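Q: Please take a close look at one part of this structure, the last helix and what lies around it. Set it against the rest of the chain where that helps.

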Amino acid sequence: MDVSIYDQVKLLVENIFDVMELGEPELVRQMGLLTKKMNVSPKAIEIIASDEELVKRRLSRHLDAKERLSTLIKKRKSSG
């Protein structure tokens with residue numbers, strides 16, 4: 001199945017909180033890799049969210065951390 005650049009960017013944005021934990025340089029790097037085929041290279045990305053939204057997202061990420069870690073471990077084991 002071929003995944004479009006749009007789908008990849010959308011997935012990256014939907015999972016933006018994971019990227020935010022790594023910092024803006026990692027977000028810029030990942031966006032750059034996705035957009036390289038289109039001859040587009042982001043230099044900076046501004047992320048804006050209300051404090052209330054950030055608290056909700058952080059709490060959500062904290063509550064499902066065990067499940068996400070288990071999933072990552074399973075994927076890593078299955079891929080070697």
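A: What follows starts with the whole chain, turns to the last helix, and ends with a second site for comparison.

The model is predicted. Its mean pLDDT is 76, and 85% of the residues score at least 70. The protein has 5 helices and 0 strands, so that the order of elements from the N terminus reads α-α-α-α-α. Of its 80 residues, 19% count as buried. The accessible surface is about 6,900 Å², and carbon and sulfur atoms contribute 57% of that surface. Among contacts with a separation of 6 or more, 38% join residues 24 or more positions apart.

Helix α5 covers residues 65-79 and has the highest mean pLDDT among the elements, 85. At the other end of the range stands helix α2 (residues 16-22), with the lowest mean, 65. Where pLDDT is low, the predicted coordinates should not be read in detail. Helix α5 is therefore the element of the protein with the highest mean confidence, whereas a close reading of helix α2 is less warranted.

The geometry of α5 can be stated briefly. From its first C-alpha to its last, the helix reaches 21 Å over 15 residues, close to the 21 Å expected at 1.5 Å a residue. The helix is hardly covered, since the count of buried residues among its 15 residues is 0. After α5 comes Gly-80, with a positive phi near 90°.

Arg-68 falls within the range of α5, residues 65-79. The side chain of Arg-68 meets that of Asp-64 in a salt bridge, with 2.9 Å from N to O. The structure holds 1 salt bridge. Side chains of opposite charge can pair when their charged atoms come close. Both partners sit between the cut-offs of 20% and 50%: Arg-68 counts as partly exposed because its relative accessibility is 25%, and Asp-64 counts as partly exposed because its value is 24%.

Helix α3 (residues 24-35) offers a second site. Val-28 lies in this helix and counts as buried because its relative accessibility is 17%, which is under the 20% limit. Arg-29 lies in helix α3 as well, but counts as partly exposed because its relative accessibility is 44%. Each of these residues can be placed relative to Lys-43. Val-28 and Lys-43 are 15 residues apart in sequence, and their C-alpha atoms are 6.8 Å apart in space. For Arg-29 and Lys-43, 14 residues apart along the chain, the C-alpha separation is 9.1 Å.

To return to the part requested: α5 contains 0 buried residues, and Arg-68 pairs with Asp-64 through a salt bridge.

Methods. Residues numbered from 1 in each chain as written. Heavy atoms only, no water. Salt bridge = Lys/Arg side-chain N within 4 Å of Asp/Glu carboxyl O. Buried < 20%, exposed > 50% of the residue type's maximum accessible area, 1.4 Å probe, protein only. Helix = DSSP H or I, 4+ residues; strand = E, 2+ residues; numbered from the N terminus. Contact = heavy atoms within 4.5 Å. Areas by Shrake-Rupley, 256 points an atom, 1.4 Å probe, with all protein chains shown as cover. pLDDT = per-residue confidence, 0-100. Expected span 1.5 Å × (residues − 1).
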